[in-house]
Amino acid sequence: MLRTVTEVGRMNGGALSECIFCQIATSSTSTTLLHSDDKVVAFRDINPSAFRHYLVIPKQHIPTVKNLQRSSNDFSLVSHMLDVGKSLLHRDAPQSKHYRFGFHQPPFNSVDHLHLHCFALPCTPSWRFMKYLSLGPLGGFIEVEKLLERINPQIIHPSSM
């Protein structure tokens, strides 16, 4: 079941959820927001792996990419997350020639709240790129374009025929 940040905040006798990203989304932390709108917020990763490393999260609590459906709502949300990430990196790292966008898949996600990693490369230190490799059927990292293809309601997949 997906919950809004407000609903999550009401859990546990009215105390704010223990989800750190829900707390950030409601401005309940000292985290500096780079972007905020009615759907998402963006901020710097606390342990950056690249020249610029930002996270874009939905205000609605969605645990992982596994909770996304092939629907216009989810497709629109992830597309918006990507647009925000691209805009921030183009603003803050215009000299970068390479950008990368994607999500960790369970069991490799560190926080159970959907978050898009937005990188202006190179990775620093360079070995950190290994944290962001796809492991095929085991999960790992999924590029945002591949996820968008998977949840696009306009694309008919062979498995759904």
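1. A good place to start is the pair of strands β1 and β2, which run antiparallel and are joined by three bridges. One of the residues involved is Leu-33, whose bridge partner in β2 is Phe-43. Please keep in mind while reading that this is a predicted model, and that the remarks below describe that model.

2. The two strands belong to a wider arrangement, an open sheet of six strands with antiparallel pairing, in which the order is β1-β2-β3-β5-β4-β6. Strand β1, covering residues 33-36, and strand β6 are the edge strands, since each of them pairs on one side only. On average, and with direction ignored, neighbouring strands of this sheet are turned by 30° against each other.

3. It helps to set this sheet against the chain as a whole, which has four helices and six strands. Read from the N terminus on, the elements follow the pattern α-α-β-β-β-α-β-β-β-α. The order along the chain should be kept apart from the order in the sheet, where β5 stands between β3 and β4.

4. Two of the helices can be placed relative to the strands. Helix α3, made of residues 72-92, lies across β1, β2, β3, β4 and β5, and runs at about 150° to β3. Helix α4, made of residues 144-151, lies across β4, β5 and β6, and its direction makes an angle of about 75° with β6.

5. Phe-43 deserves a closer look, and a student may ask: is Phe-43 buried or exposed? This residue sits in strand β2, which spans residues 40-44, and it is buried, because its relative accessible area is 4%, while the cut-off for buried is under 20%. Leaving aside residues up to four places away in sequence, Phe-43 touches Phe-21, Ile-24, Thr-31, Thr-32, Leu-33, Leu-34, Tyr-54, Leu-55 and Ile-57. Leu-33 therefore appears twice in the picture of Phe-43, as a residue that Phe-43 touches and as its bridge partner, given that contact means heavy atoms within 4.5 Å. The C-alpha atoms of Phe-43 and Leu-88 are separated by 9.8 Å, although the two residues are 45 residues apart along the chain.

6. The same theme of sequence separation can be followed across the whole chain. Among contacts between residues at least 6 apart in sequence, 64% join residues at least 24 apart. Of the 161 residues, 43% count as buried.

7. Turning to the surface, the chain exposes about 9,000 Å², and carbon and sulfur atoms supply 55% of that area. A nonpolar patch on the surface is formed by Phe-108, Phe-129, Met-130, Leu-133, Leu-135 and Leu-138, which together have about 600 Å² of accessible area. Leu-138, one of these residues, lies in the loop between β5 (116-123) and β6 (140-143), and it counts as exposed because its relative accessible area is 63%, where the cut-off is over 50%.

8. How many salt bridges does a search of the whole structure find? The search finds two. In one, Asp-92 is joined to Arg-91, with the closest N and O atoms 2.6 Å apart; Arg-91 is partly exposed, at a relative accessible area of 49%. In the other, the side chains of Glu-143 and Arg-100 meet at 2.6 Å, N to O. Glu-143 lies in strand β6 and Arg-100 in strand β4, so this pair ties together parts that are 43 residues apart in sequence. Glu-143 counts as partly exposed, because its relative accessibility is 27%.

9. Some features of the backbone should be checked with care. Most residues other than glycine have a negative phi, and most peptide bonds are trans. The peptide bond from Pro-106 to Pro-107 is cis, with omega near 10°, and Pro-107 is found in the loop between β4 and β5. Another cis peptide bond joins Leu-121 and Pro-122, with omega about 20°, and Pro-122 is found in strand β5.

10. The last point concerns Ser-27, a residue other than glycine whose phi is positive, near 60°. Ser-27 is placed in the loop between α2 (20-25) and β1, and it is exposed, with a relative accessible area of 52%.

Methods: Residues numbered from 1 in each chain as written. Predicted model: local features only at pLDDT ≥ 70, side-chain atom pairs only at ≥ 80, totals over all residues. Heavy atoms only, no water. Buried < 20%, exposed > 50% of the residue type's maximum accessible area, 1.4 Å probe, protein only. Areas by Shrake-Rupley, 256 points an atom, 1.4 Å probe, with all protein chains shown as cover. Patch = residues over 30% accessible without salt bridge, like charges linked within 9 Å, V, L, I, M, F, W, Y side chains within 5 Å. Salt bridge = Lys/Arg side-chain N within 4 Å of Asp/Glu carboxyl O. Pairing = 2+ DSSP bridges. Axes fitted to C-alpha atoms, helices over the stretch in contact; angles between N-to-C directions.
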